[in-house]
Amino acid sequence: MAAVLVAGLAVGVATSYLQGVLPASADFLANSGAAWSVFAFAFVLAAAAGGGRGQAAVAGLAALLGEVVGYYGIASPLRHIATSSEEHLLWTAAALVVGPIVGWLAWTARHEPPTRRVAAVAAVAGVVAGEGAHALLRLGYHVQGSLELAVAAVAAIAGLLLLGRTWAAARAGAAAALAAAIVVYLAYGVA
């Protein structure tokens, strides 16, 4: 659990610094809530070998809260970047909601039968697709949106090929990816 929290802190700090280093055309790689979710998923997936669903959900929460603290609590003050209490509240609330879900998805991707594993990986790909659709359709960021949609498609297909390879897994993955993408797209519209 501590390793997941530390990894989250590191990602939060790194994304803040990368935003000042990457060229404008690639800045979105370090300015992405979906990327934070993917990192949290990966950290919990790597750490979820033994624990149960509850422990994985707490680890997902720790990873995402670590990213928020790393970004807003450590890197922003060190870089003298002004941030608002609304930003802190928004991303903390997002971490409180999304973190346990991402942790549970990571546990599912490691421990459940193939169809559920595919659905879990596809749901995370759907998070990326939802953010990409928001960037493309609402913000007009054609490069970011297109790249995120492409990455999401590749991740969902890879999950199916590596974990499932059945029509049931394909249906479950498509449903999970679509549901997650819609929820994320709508959430970005509210935020």
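Helix axes are taken here as lines fitted to C-alpha atoms over the stretch in contact, and angles run from 0 to 180 degrees between N-to-C directions. On this basis, the axes of helix H4 (residues 85-111) and H5 in this predicted model come within 7 Å and cross at roughly 145 degrees. The crossing of H4 past H5 is left-handed. H4 contributes Leu105, Thr108, Ala109, Arg110 and His111 to the contact. From H5, the contact involves Arg116, Arg117, Ala120, Val121, Ala123 and Val124.

Helix H1 (residues 2-19) was examined next. H1 has 18 residues and reaches 26 Å from its first C-alpha to its last. This is close to the 26 Å expected at 1.5 Å a residue. Val4, Ala7, Gly8, Val11, Gly12, Thr15 and Ser16 are the buried residues of H1. They pack against H2 and H3. Serine 16 has a relative accessible area of 0%. Buried means under 20%, so serine 16 counts as buried. Beyond its neighbours within four places in sequence, serine 16 is in contact with Tyr71, Ala75, Ser76, Arg79 and Ile81.

Two of these contact partners, Tyr71 and Arg79, recur in the aromatic features. The structure holds 4 aromatic pairs. In one, the ring centres of tryptophan 36 and tyrosine 71 lie 5.8 Å apart. The ring planes of tryptophan 36 and tyrosine 71 meet at 70 degrees, so the pair is edge-to-face; the cut-off for that class is over 60 degrees. The pair links distant parts of the chain. Tryptophan 36 belongs to helix H2 (residues 33-47) and tyrosine 71 to helix H3 (residues 53-78), 35 residues apart. Tryptophan 36 is buried, at 9% relative accessible area. Tyrosine 71 is buried too, at 13%. Trp36 and Tyr71 join Tyr72 and Trp91 in one aromatic cluster.

Charged groups also sit over rings. The charged end of arginine 79 lies over the ring of tyrosine 17, 5.3 Å from the ring centre. The charged end of arginine 138 is placed over the ring of tyrosine 185, 3.7 Å from the ring centre.

Helix H6 (residues 142-164) has 23 residues. At 1.5 Å a residue, H6 should span 33 Å. The end C-alpha atoms of H6 are 32 Å apart, which agrees. Gln144, Gly145, Glu148, Ala152, Gly159 and Gly164 of H6 are buried. These buried residues pack against H2, helix H5 (114-138) and helix H7 (167-190). H5 thus appears both in the crossing with H4 and in the packing of H6. Just after H6, arginine 165 adopts a positive phi of about 65 degrees.

Leucine 149 is also found in helix H6. Its relative accessibility is 31%, so leucine 149 counts as partly exposed. That class lies between the 20% limit for buried and the 50% limit for exposed. Leucine 149 touches Ala129, Gly132, Ala133 and Leu136, with residues up to four places away in sequence not counted. The C-alpha atoms of leucine 149 and histidine 80 are separated by 33 Å. Along the chain, leucine 149 and histidine 80 are 69 residues apart.

Notes:
Residues numbered from 1 in each chain as written. Predicted model: local features only at pLDDT ≥ 70, side-chain atom pairs only at ≥ 80, totals over all residues. Heavy atoms only, no water. Phe/Tyr/Trp six-rings, centres within 6.5 Å; stacked < 30°, edge-to-face > 60°. Helix = DSSP H or I, 4+ residues; strand = E, 2+ residues; numbered from the N terminus. Buried < 20%, exposed > 50% of the residue type's maximum accessible area, 1.4 Å probe, protein only. Lys NZ or Arg CZ within 6 Å of the ring centre and 35° of its normal. Contact = heavy atoms within 4.5 Å. Expected span 1.5 Å × (residues − 1). Left-handed = near helix turned anticlockwise from the far one by under 90°.
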